[in-house]
Amino acid sequence: MFARRIFMGGAAIVALGSTARAQSADTLKLREELMALEKASWGYMRDKNYDGMKGYMADDGLLIFNDGTRFNKRETLELMKDYKLDSFTIEPTYAVRMITPDVATLLYRVTYTSSVKGAPMTTAKTLSSSVYVRRDGKWWSVLYQESPIK
């Protein structure tokens, strides 16, 4: 009886290990999918691609930059007219954290050079987080927030 319990316990551990590996593969796939969306969003800002940004940012989305300024979707689209993104570099180490099956946070470091309304270009190095929500099978950006790295 004791040997049977040990065998059953060992089988349960193996089963959990298999599930964890499958979830890890799914998480890695999601990590890459969300980073592709994130990189595209930086490209939308750089290229002033309004349609791309409209299809990326949720209607209830919010951006919070490292200086504390906040922009909803309408304000973000307005900002794009006066915003110049010269360059951006996302560090290759980034992570995703699943909150629920339909909510995930992407965490990464980015350095970018930009200006608003013709002001001198400034370079920012930030720790960035993006919260995505899946609605009707599509991932939408609902919150982007930066914290300066000093």
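Is serine 130 buried or exposed at 0% relative accessibility? That was my starting point with this predicted model, and a few notes follow.

1. Serine 130 counts as buried. This residue belongs to strand 6, and its side chain makes a polar contact of 2.7 Å with the side chain of glutamate 38. Setting aside neighbours up to four places away in sequence, serine 130 also touches Ala104, Thr105, Leu106, Tyr108, Leu143 and Tyr144, besides Glu38 itself. It is a good place to begin looking around the interior.

2. A word on confidence before going further. The chain has an average pLDDT of 88, and 85% of the residues score at least 70. The N terminus is another matter: residues 1–22 stay under 50 in pLDDT, and the model gives them zero contacts beyond four places in sequence. Where pLDDT is low, the predicted coordinates should not be read in detail. Please keep this in mind for helix 1, which is assigned to residues 2–47.

3. Now the nonpolar core. The largest one holds 28 residues, and the members touching the most others are Leu34, Trp42, Tyr108 and Tyr112. At least two residues of this core come from each of helix 1, helix 2, strand 1 (57–64), helix 3 (73–82), strand 3 (83–90), strand 5 (103–116), strand 6 and strand 7. In soluble globular proteins, nonpolar side chains tend to be buried together. For a closer look, try leucine 34: beyond four places in sequence, its contacts are Val96, Ala104, Leu106, Tyr132 and Trp139.

4. How many aromatic pairs are there? The count is seven. One of them joins tryptophan 42 and tyrosine 144 edge-to-face, with 6.3 Å from centre to centre and 85° between the planes. This pair links distant parts of the chain, since tryptophan 42 lies in helix 1 and tyrosine 144 in strand 7 (residues 138–148), 102 residues apart. Tryptophan 42 and tyrosine 144 are both buried.

5. A second pair is worth a look as well. The ring centres of tyrosine 56 and tyrosine 132 are 6.1 Å apart with their planes at 75°, so this pair is edge-to-face. It too connects distant parts of the chain: tyrosine 56 sits in helix 2 (residues 50–56) and tyrosine 132 in strand 6 (residues 122–135), 76 residues apart. Both tyrosine 56 and tyrosine 132 are buried.

6. Ring pairs also build a cluster, made up of Trp42, Phe65, Phe71, Phe88, Tyr112 and Tyr144. Trp42 and Tyr112 are already familiar from the core, where they are among the residues touching the most other members.

7. Two charges over rings deserve a mention. Arginine 31 places its charged end over the ring of tyrosine 94, 4.0 Å from the ring centre. Lysine 138 lies over the face of tryptophan 140, at 3.6 Å from the centre of that ring.

8. Why does lysine 73 count as buried? Its relative accessible area is 10%, and the cut-off for buried is under 20%. Lysine 73 is part of helix 3, and a polar atom of its side chain lies 2.8 Å from the backbone oxygen of lysine 54. Beyond four places in sequence, the contacts of lysine 73 are Met53, Lys54, Met57, Ala58, Asp59 and Gly61. I would show this lysine and its neighbours together when viewing the model.

9. Two other lysines are of interest for their backbone. Lysine 48 is not a glycine, yet has a positive phi of about 55°; this residue is in the loop between helix 1 and helix 2 and is partly exposed, at 31% relative accessibility. Lysine 117, also not a glycine, likewise has a positive phi of about 55°. Lysine 117 lies in the loop between strand 5 and strand 6, and at 66% relative accessibility it counts as exposed.

10. Finally, proline 120 is found in the loop between strand 5 and strand 6. Proline 120 is exposed, with a relative accessible area of 66%. Leaving out residues up to four places away in sequence, proline 120 touches Ser114 and Ser115.

Note on methods
Residues numbered from 1 in each chain as written. Predicted model: local features only at pLDDT ≥ 70, side-chain atom pairs only at ≥ 80, totals over all residues. Heavy atoms only, no water. pLDDT = per-residue confidence, 0-100. Contact = heavy atoms within 4.5 Å. Phe/Tyr/Trp six-rings, centres within 6.5 Å; stacked < 30°, edge-to-face > 60°. Helix = DSSP H or I, 4+ residues; strand = E, 2+ residues; numbered from the N terminus. Buried < 20%, exposed > 50% of the residue type's maximum accessible area, 1.4 Å probe, protein only. Lys NZ or Arg CZ within 6 Å of the ring centre and 35° of its normal. Core = buried A, V, L, I, M, F, W, Y, C linked by side-chain atoms within 4.5 Å. Polar contact = N/O pair within 3.5 Å; in protein donor to acceptor, adjacent residues only side chain to side chain.
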